[in-house]
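Below is a brief report on local features of one protein chain. It moves from single residues to ring pairs and then to a helix contact.

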Amino acid sequence: MRLSALLRRARFSAPSSSLISNFNALNRAFINRVSIRRQCRSYKPMASSMSSSPNTNKDVSEVSEQLGIITAPYGSWKSPITADFVTAASKRLGGTAVDGNGRLIWLESRPYESGRGVLVKESEKPGDEPGDITPKEFSVRNMTQEYGGGAFAVAGDFVVFSNYKDQRLYKQSLSSDSPPQALTPDYGGPSVSYADGVFDSRFNRLITIQEDGRQSSLNPITTIASVELDGKDINEPKVLVGGNDFYAFPRVDPKGERIAWIEWGHPNMPWDKSELWVGYLSENGEVYKRVRVAGGDPKLVESPTEPKWSAQGELFFITDRQSGFWNLYKWFEANDEVAPLYSLNAEFSRPLWFFGTSSYEFLKNSVGRNIIVCTYRQHGRSYLGVLDEAQSSLSLLDIPFTDINNIALGRDCIYVEGSTALDPSSIAKVTLNERILEIAHFTIIWSSSPDILKFMSYFSLPEFIEFPTEVPGQTAFAYFYPPTNPIYQASQDEKPPLLLRSHGGPTAETRGILNPSIQYWTSRGWGYVDVNYGGSTGYGREYRERLLRQWGIVDVNDCCSCARFLVNSGKVDGERLCITGGSAGGYTTLAALAFRDTFKAGASLYGIADLSLLRADTHKFESHYIDNLVGNERDYFERAPINFVDKFSCPIILFQGLEDKVVLPNQSRKIYHALKDKGLPVALVEYEGEQHGFRKAENIKFTLEQQMMFFARLVGRFQVADDINPIKIENFD
């Protein structure tokens, strides 16, 4: 049996524990096999060996001919990983929950349905197809804080969800075909949105984050509110907690007597400084008393997150006090003290861009003896572990995933969202043995792209690299993906072009996972590097705060340093360096092209050109964000690429959604007209109906293909193998 088939069997059957333990060995064997093949293709003898072995190139050519490998320029290779395939493989996961029968419910966004959000239920029998829950006329998605998340909640045999078009909450039965029933008022438009809801069985209500933009869409009022579930009358939600700028994670204890939540205010973002509160509920369901659990000590800078109550009514949460790493803590209510459960220089949570994060669950509950399954990130990868509160011990579980997002507790199992360098975004059903220390069964029940595994021989495996920054003794991190195609090789004297991606946020993290968009480039002969510049998450607060007052400097320097590192390492062609990024990554792209001469061309996706304009026009959640990242008014001017058009010297292509409320379309238009007037090659693509990030299949495809064509025509020195009609480039065509 072929090794790739063995890998697929290990991944997609219901394996025994022995098969799971063999997964990593199979994985290593596959990597070794690909590595040997790559060495045959990319071997370049040293100068000394060339002088002593004149037949080396002939030998390599003979080996290549025997393997049936075609020699062609980098970038011109044919690949079955097409833009159409990438688009079809771009389903997004929007959260998971478990119904009263123990079956998983998940939310997936479908590009081929114009980005419609659909709730799907796990099949009753293994092997059967899962079933859609959401009626065709509905789309499950919320716009709270623009990025949304936590758009649905499940209890027993019903689900409550946010509908995208009107942002109202609807209740739908999971056991009948009755249509969804509205729970919140119709305000004549999507002016009020809801997120991160939890059920309060004591008062038969949903407690949720409410964002009310009826008075001001730029400065909506955020509160914690309750929504009645009986459905007899549609009443105005009742505000329980308010007064601060932002709220998240409302969580009710098992008896319905207390509610925990996270709150923060301008100019802080939730990862800068936030507070954890507990409110006590009266007999009529109102909060009559409040206690601040964490975030109130002026001597400690911390950002608590993810509060959860155990079945015994004990409060747990995650915070980054003292060590600077998000670790698990517990609140001792009797003496109002908190203590860590287990200390580790690793991140047990991630920044609150989206609602609904779930990084840990309780496997067993008893007072003072909670067994917790949790995920954390350390040194560029994720781990799954079991934390024993009584013993203060953490035992790792041998799971195939190297990247993990959320965890949901099922009936005698856990559901884990994750991926690897060989697997796309997936959901696995994981059963532990009786001792809860080993995995007994691991089964993939959902994949964003199950068909992509047939192209495994084309996969470029990420190399986790640590490179020097411009600060002496300091390093940053990235994932480098070398060109990989089983059919093609380049000539011995050619190095590949490089596409460097600067991630958005900027307080975010890129991860070394199977991303079809990246494989689109590498399978055609491009090198690709995804950079976690200083300011990225996943490496603790100190690393995260490298970007404070330094946005447009540290990120730009790190991206340029990474590109030079790869050039000096002999991995890529220094004359064909390109850069791309979306949102904040688009700003880094434009700043790198304006203020440095490292890159030869760039692509900005809904990127920022004018920092002052962003501050004036952006939505409430990020309206003070860049004050901490930029600094004073002079910095706002000097780091804005739009103010230094004379410094641009290379081609740029821009992509923009016309309904974007985070980075308004006038940002892309300003830079486009300025570069056009200067005489530089430039193109602008605008999409009707798209917001901050593209969700429609045709637009995802077009963006990918036109970036490829733009770089090939202006920088690449090769012909693209795909049949793509290029758009007009001003000052070039």
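## Gln145 and its backbone

Gln145 sits in the loop between β5 and β6. The model is predicted. Gln145 is not a glycine, yet its phi is positive, at about 60 degrees. Its relative accessible area is 2%, so Gln145 is buried.

Arg717 also has a positive phi without being a glycine, with a value near 65 degrees. Arg717 belongs to the segment after α14 (697–716). With a relative accessible area of 59%, Arg717 is exposed.

## His619

Gln145 is one of the residues touched by His619. The other partners of His619 are Glu146, Tyr147, Leu218, Lys661 and Val662, leaving aside residues up to four places away in sequence. His619 is placed in the loop between α10 and α11. His619 has a relative accessible area of 6% and therefore counts as buried.

## Stacked and edge-to-face rings

A pair of aromatic rings is described by the distance of the centres and the angle of the planes. In this model the count is 41 aromatic pairs. One of them joins Trp77 and Tyr488. This pair is stacked, with 6.1 Å centre to centre and 10 degrees between the planes. It links distant parts of the chain, 411 residues apart. Trp77 is in the loop between β1 (70–71) and α5 (83–88), while Tyr488 is in strand β32 (residues 488–489). Both Trp77 and Tyr488 are buried.

Tyr147 and Phe621 make an edge-to-face pair. Their ring centres are 6.4 Å apart, and the planes stand at 75 degrees. Why does this pair count as edge-to-face? Planes over 60 degrees apart fall in that class, and the angle here is 75 degrees. Tyr147 lies in the loop between β5 (131–132) and β6 (152–155). Phe621 lies in the loop between α10 (611–617) and α11 (625–629). The two are 474 residues apart, so this pair too links distant parts of the chain. Tyr147 is buried at 17% relative accessible area, and Phe621 is buried at 2%.

## A ring cluster and two lysines

Which residues do ring pairs link into a cluster with Tyr147 and Phe621? They are Phe246, Trp264, Trp271, Trp353, Phe354 and Tyr625.

Phe246 has a charge over its face. Lys620 is placed there, at 5.0 Å from the ring centre. Lys308 lies over the face of Tyr360, and the distance to that ring centre is 4.8 Å.

## Thr507 and the cis prolines

Thr507 lies in the loop between β33 (498–502) and α6 (516–522). Is Thr507 buried or exposed? It is buried, with a relative accessible area of 5%. Thr507 touches Trp271, Trp353 and Tyr625, which are also members of the ring cluster. Its remaining contacts, not counting residues up to four places away in sequence, are Pro351, Gly535, Thr537 and Arg544. The C-alpha atoms of Thr507 and Leu664 are separated by 20 Å, and the two residues are 157 apart along the chain.

Pro506 is in the loop between β33 and α6 as well. A cis peptide bond joins Gly505 to Pro506, with omega about 5 degrees. Another cis peptide bond joins His266 to Pro267, again with omega about 5 degrees. Pro267 is found in the loop between β15 (258–264) and β16 (275–281).

## Arg110 in strand β3

Arg110 is part of strand β3 (residues 104–110). Its relative accessibility is 6%, so Arg110 counts as buried. Arg110 touches Gly115, Arg116, Val118, Val120 and Asp132, leaving aside residues up to four places away in sequence. Lys91 is 19 residues from Arg110 along the chain, and their C-alpha atoms are separated by 5.1 Å.

## Helices α8 and α9

Two packed helices are described by the angle between their axes and the distance between the axes. Helix α8 covers residues 554–568 and helix α9 covers residues 584–595. Their axes come within 9 Å and cross at roughly 70 degrees. The two helices are therefore roughly perpendicular to each other.

On the α8 side, the contact is made by Asp555, Val556 and Cys559. On the α9 side, Tyr587, Thr588, Ala591 and Ala592 take part. By class, the contact has 5 nonpolar, 1 polar and 1 charged residues.

How values were computed
Residues are numbered from 1 along each chain as its sequence is written. This is a predicted model: local features need pLDDT of at least 70, side-chain atom pairs count only at pLDDT 80 or more; totals for chains, interfaces and linings use all residues. Side-chain values use heavy atoms; hydrogens and water are left out. Axes are lines fitted to C-alpha atoms, for helices over the stretch in contact, and angles run from 0 to 180 degrees between N-to-C directions. Helices (H or I, at least four residues) and strands (E, at least two) are DSSP runs, numbered from the N terminus. Angles under 35 degrees count as roughly parallel, over 145 as roughly antiparallel, 65 to 115 as roughly perpendicular and the rest as oblique. Contact means heavy atoms within 4.5 Å. Ala, Val, Leu, Ile, Met, Phe, Trp, Tyr, Cys and Pro count as nonpolar, Asp, Glu, Lys and Arg as charged, and the others, Gly among them, as polar. Rings of Phe, Tyr and Trp (its six-membered ring) pair if their centres lie within 6.5 Å; planes under 30 degrees apart count as stacked, over 60 as edge-to-face and the rest as tilted. Buried means under 20% relative accessible area, exposed over 50%, partly exposed in between (1.4 Å probe, protein chains only). A charge sits over a ring if NZ of Lys or CZ of Arg is within 6 Å of the ring centre and within 35 degrees of the ring normal.
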